[in-house]
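Biologist: Thanks for sitting down with me. Could you walk me through this fold, one question at a time?

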Amino acid sequence: MRKISKKILVMVLCVAIATGAFGGALLVINEAKAATTTGYKVTIVVKNGNNDIEIPTNNNIKSGNSYSGIQTLYVKCKDICRVYATTDNKNYTRQSGSSSDENTYRYALTIDRKMTLVVVKMGDINFDGNVDSTDALLILRYDVDKADLNDLQKKNGDINLDGKTDSADALMILRYDVNKAKFVCN
Ligand SMILES: [Ca+2]
Ligand SMILES: [Ca+2]
């Protein structure tokens with residue numbers, strides 16, 4: 001008898017919910033579902049950072065989630081790093097960051113389409129995690145048409161941000177490599 005009463009109670013509740021008797025509860029469920037399906041998927045890729053680049057786990061943006069509008073990405077980097085956004089993995093746009101402390105950089109990003117954010121050390125254009133003479137040599141070879149660089153490599157090798165990736169940038173990397181120069185976040 002008791003079992004039957006419970007069954008009837010469950011059935012009545014199910015009918016009540018389905019017919020909207022608890023409309024508020026139904027609305028909440030629908031809203032929660034909508035929140036996970038709106039926005040644009042953001043993927044964060046860290047090019048080899050040699051453990052010097054860290055994406056804090058409590059970040060506003062988490063790789064694989066969907067967002068829209070202006071969002072903030074925090075990156076911890078022992079060396080200077082840059083963040084680039086791409087929607088086609090061919091063309092990259094450098095994001096302007098500001099440092100909130102010595103090693104943490106803050107990037108305000110406008111997310112209006114599905115995108116990939118690439119985090120890489122400034123000047124590391126062979127993406128081995130080091131910024132050294134190998135990168136400088138690659139730039140010099142590119143400068144004399146002996147090597148080809150993709151868009152990300154060219155932009156990440158443009159240390160002085162003059163729109164060219166050439167011997168001036170290679171020299172800055174060499175000076176950095178022998179501790180004669182410090183890079184400034186740009
Ligand atoms: Ca390198
Ligand atoms: Ca340059």
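Modeller: Gladly, and one definition will help us first: two strands pair if DSSP finds at least two bridges between them. Do keep in mind that this is a predicted model.

Biologist: With that in hand, which residue in β4 is the bridge partner of Ile 53?

Modeller: Strand β2 covers residues 53-54, and β4 covers residues 69-77. The two run antiparallel and are joined by two bridges, which meets the cut-off of at least two for a pair. The bridge partner of Ile 53 in β4 is Cys 77.

Biologist: Let me step back for a moment. How many helices and strands does the protein have?

Modeller: Along the sequence the pattern reads α-α-β-β-β-β-β-β-β-β-β-α-α-α. In total, the secondary structure comes to five helices and nine strands.

Biologist: Back to β4, then. In what order do the strands of its open sheet stand?

Modeller: β4 pairs with β8 (residues 104-111) in the antiparallel sense over eight bridges, and Thr 72 has Ala 108 of β8 as its bridge partner. β8 is also joined to β7 by four bridges, again antiparallel, with Gly 97 opposite Tyr 107 of β8. β2 and β7 (97-101) each have a single partner strand, so they stand at the edges with one side left without a neighbour in the sheet. The order of this four-stranded sheet is β2-β4-β8-β7.

Biologist: There is an open sheet of five strands as well. Which strands stand at its edges?

Modeller: Its order is β3-β1-β9-β5-β6, and the pairing is mixed. β1 (residues 40-46) pairs with β3 in the antiparallel sense over two bridges, and Tyr 40 has Tyr 67 of β3 as its bridge partner. Two strands of the sheet have a single partner each, so one side of each is left without a neighbour: β3 (66-67) and β6 (93-95).

Biologist: Now for the inside. Which element gives the most residues to the largest nonpolar core?

Modeller: This core has 30 residues, and Val 75, Cys 81, Leu 117, Val 118, Val 119 and Ile 173 touch the most other members. At least two residues each come from β4, β5 (81-86), β8, β9 (115-121), α3 (133-143) and α5 (167-177). The element that gives the most, with five residues, is β9.

Biologist: Ile 173 caught my eye there. Which residues outside its sequence neighbourhood is Ile 173 in contact with?

Modeller: Ile 173 is one of the buried residues of α5. Neighbours within four places in sequence are left aside here. What remains is Gly 123, Val 131, Asp 135, Ala 136 and Ile 159.

Biologist: How are the buried residues of α5 arranged, and within what arc do they fall?

Modeller: An α-helix has 3.6 residues a turn, so residues three or four places apart point the same way. In α5 the buried ones are Asp 169, Ala 170, Met 172, Ile 173 and Tyr 176, and what covers them includes α3 and α4 (151-157). They line one face of the helix, because seen down its axis they fall within an arc of 160 degrees.

Biologist: So how does α3 run relative to α5, roughly parallel or roughly antiparallel?

Modeller: The axes of α3 and α5 come within 8 Å and cross at roughly 170 degrees. The contact involves residues of both helices, including Ala 136 and Ile 139 of α3 and Ala 170 and Ile 173 of α5. Angles over 145 degrees count as roughly antiparallel, so α3 is, relative to α5, roughly antiparallel.

Biologist: One on backbone angles. Is Asn 89, with its positive phi, buried or exposed?

Modeller: Asn 89 lies in the loop between β5 and β6, and its phi is about 60 degrees although it is not a glycine. It has 12 other C-beta atoms within 10 Å, and 12 or fewer is the cut-off for this class. Asn 89 is therefore exposed.

Biologist: And where does Leu 161 lie?

Modeller: Leu 161 also has a positive phi, near 55 degrees, in a residue other than glycine. With 10 other C-beta atoms within 10 Å, Leu 161 is exposed. Its place is the loop between α4 and α5.

Conventions:
Residues are numbered from 1 along each chain as its sequence is written. Chains are lettered from A and ligands numbered from 1 in the order in which they are written. This is a predicted model: local features need pLDDT of at least 70, side-chain atom pairs count only at pLDDT 80 or more; totals for chains, interfaces and linings use all residues. A nonpolar core is a set of buried Ala, Val, Leu, Ile, Met, Phe, Trp, Tyr and Cys residues joined through C-beta atoms within 7 Å. A residue is buried if 20 or more other C-beta atoms lie within 10 Å of its own, exposed if 12 or fewer, and partly exposed in between; C-beta atoms are placed from the backbone. Two residues are in contact if their C-beta atoms, placed from the backbone, lie within 7 Å. The arc is that of the directions from the helix axis to the C-beta atoms. Axes are lines fitted to C-alpha atoms, for helices over the stretch in contact, and angles run from 0 to 180 degrees between N-to-C directions. Angles under 35 degrees count as roughly parallel, over 145 as roughly antiparallel, 65 to 115 as roughly perpendicular and the rest as oblique.
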